[in-house]
Amino acid sequence: MHVEFTLISLLNGLSYGLLLFMLSSGLTLIFSMMGVLNFAHASFYMIGAYFGYAISNALGFWPALVLAPLAVGLLGALVERYGLRTVHKYGHIPELLFTFGLSYVVVELVQLIWGRAAVPYKIPAALDGPLFTLYTTAFPMYRGFMMLVALVMLVAVYLVLTRTRIGMVIQASLTHPDAAEALGHNVPRVFMLVFGGGCALAGLAGVIGGNAFVTEPAMAGTVGSIIFVVVVVGGMGSLAGALLASVLIGLLQTFAVALDWSLQSLLANFGAQVASDAPYFRLFSITLAELAPILPYLLLVLVLIFRPKGLLGTREG
Amino acid sequence: MTYRDTTYPAMHYTPVNLGRWAVWLSYALILLLAPKLFASGSGLSILSQMGTMMIFALSYNMLLGQGGMLSFGHAVYSGLGAFFAIHAINMASGGSFAIPLSLVPLVGGIAGLCFGMLFGYVTTKRSGTTFSMISLGIVELVFACSLMFPGFFGGEGGVSANRVIGKPLFGISFGPQIEVYYLIAFWLFISTVGMFAIAHTPLGRIANAVRDNPERVEFIGYNTQSVRYLMLILSAFFAGISGGLSAINFEIVSAENVSALRSGAVLLFTFIGGIGFFFGPLLGAVMGVFLTVLLSEFTKAWQLYLGVFFILTVMYAPGGLASILMMLFRVVVHKRLSRILPALAGICVSGLIALTGVVMLIEMLYHLTLESANGTTMMLFGRMVDTALPAQWAICMAVMLVGVIAFLFARTPFALCWGEVNAEIEQLALRSSK
């Protein structure tokens, strides 16, 4: 394997993994705090991308980078206040069902407003072009920007949670909601804040992910199930676990897509040949690149069998 | 050791439950007579789809309603059952596997059961939210695999078959749709009886307990994980039967059959029907197929309506259609319908007006964004409407606003008298039980 390929794949995987982390961090925060698995989290990612597209058309990319996540966060807070809080009294499964229905409706609404085809959401000119060239491969500047935003966000979330007063209240409400309430904090409002904040993070990921990939109505579905895998593999409710799992899955997928190894080629290394008419020949000829879409789910199954609480999780769900 | 003496042998006196016999008999009659009422070709095809969806929804409710397991991946079992069934049909017509078509659903069922044993071992290790996410992971895994092995899954085009195999027996070749309908109805009846029976076995009862309070079940010595595992295997068996029937009905099975989309649909239908009652999923399946097949012919926005309807059900009627029906039924039985009727009519009429306004607005919006290239006029409730005219939008807005305001006014009196009547009925029930 070439050094060039390894380094570029490492960087690409890392940037994809960090984008996944921007999504899964909000999901994990919401889950560990409210016990609600927000099925519509990827829908907020999609809304972020579309808002980013609409606002950058009107005002430019940089205002969109700030305004779109705020708008998505506000939307999330409204959903929590007028939707989730109503079903909260029925338990966790109705909450999950509510967000599931929401994801259904959001896709339809997005199609209603922006149409069924992908929208031309372009990378801003200032960030278009190569950042540096490794050997012969150019690394795009926008990928670097994505990593930068994700890292800044990571540090910001960490600082807010550990160094500010509101972060302390959030942490207290996370572990001891009754005690926090008894001390005079408005725990439902903290919930609303966390839900809105988590959605804003997803929206931010949408604004910078939407033009790196494709902004289309199917984008929520493609990333949605991956971030659930991230949350389970990392350990339910563990932020550090979410970071580890995001980067792991990002790297796994980026490397696998580029490799055409198969059992056949592995056996060929030892001088064995598989006849093309042998039974289950298909199993031998599948390449790692073809397997790439299912690798996260295989990882999920393996983790559940061998380490049910997730990589860095502390409790079993 | 003396406490044993104080327990008495249980009384074994079970009168013939006439009501239950009547219900099952009328269920069978409805299944028999339905094709007489909807004899047209499309009517029969919709009835057949409803039949398979009813088995699927009932099997799903074994997990969600009875076991408290919210699965996002139930289509895995019905879809894989369908694939095995369609290969069985093809092998039977090729002569390498002798099986009559009427038993092909059983092939699907057994395939579902085997995959239930395989995947269920992983998924049922956890409960609650984690179970849901793992089931989603499994369905994505199977869906991605289905595109990877075109030999078995037929790739993008799927696997097709001809269901007319062998010589007709008693003149039944299963070529005409009506014969397929009766095959589906037969399996539906058998499966319904089977699932109803399972719900009343000790396993079914302990599954309810696992749903409500797993900790206490652990304390009385049951392994909650194996209870969930067994329920999932049984449920996968019936899902496989429904998959086999849908393979016979459509004569084609594609990757869409094992998708998360299909799994989501059965979740929507089952919940809308009502997970608290055994017959809820039946209602949900009828309603769901009706919405998907008929509504999709009239409007492009049907998925939006389905989603909004689902959210409203989750928020305001978590018991689904079945619980609404049963509560109304209880009021009728206690002869108090006349007291709530005016208020009920009030919210129904105002709700209908609001709904009309909303539907008109949504339809016009859909037309404007998705089809305005073909002109701005459209048919709306039998009238030509120009979506470019602001006046038209104002009219729809006005209709909606009138409906919403009237609904808000009608809501409070209804809630009052509804609560009053139900409190009285509960008082009566308490008094008679003393």
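Here is a short tour of the predicted model shown above, from its confidence to its core, a hairpin and one unusual loop residue.

This is a predicted model, in which local features need pLDDT of at least 70, side-chain atom pairs count only at pLDDT 80 or more, and totals for chains, interfaces and linings use all residues. Residues are numbered from 1 along each chain as its sequence is written, while chains are lettered from A and ligands numbered from 1 in the order in which they are written.

Let us start with confidence. The model has an ipTM of 0.84 and a pTM of 0.85. For chain B, pLDDT (the predictor's confidence in each residue, from 0 to 100) averages 84, with 92% of the residues at 70 or more. Helices (H or I, at least four residues) and strands (E, at least two) are DSSP runs, numbered from the N terminus. The two extremes of chain B are tabulated here.

| Helix of chain B | Mean pLDDT |
|---|---|
| α1 (residues 3-6), lowest | 50 |
| α11, highest | 92 |

Where pLDDT is low, the predicted coordinates should not be read in detail.

Now to the interior. A nonpolar core is a set of buried Ala, Val, Leu, Ile, Met, Phe, Trp, Tyr and Cys residues joined through C-beta atoms within 7 Å; buried means 20 or more other C-beta atoms within 10 Å of a residue's own, exposed 12 or fewer, and partly exposed in between, with C-beta atoms placed from the backbone. The largest such core holds 187 residues, and Met22(A) and Val76(B) are among those with the most contacts inside it. Helix α11 (residues 224-250) of chain B supplies the largest share, 14 residues. Beyond its neighbours within four places in sequence, Met22(A) is in contact (C-beta atoms, placed from the backbone, within 7 Å) with Ala150(A), Met153(A), Leu201(A), Leu204(A) and Ala205(A).

Chain A also offers a neat hairpin to look at. Its strands β1 (residues 130-134) and β2 (residues 137-140) run antiparallel and are joined by four bridges; strands pair if DSSP finds at least two bridges between them. Pro130(A) has Pro140(A) as its bridge partner. Two residues lie between the strands, and Tyr135(A) in this hairpin takes a positive phi near 55°.

Most residues other than glycine have a negative phi. Glu251(B) is another residue with a positive value, near 60°. Glu251(B) sits in the loop between α11 and β2 (252-253) of chain B, and counts as partly exposed because it has 16 C-beta neighbours inside 10 Å.

Key: Two residues are in contact if their C-beta atoms, placed from the backbone, lie within 7 Å.
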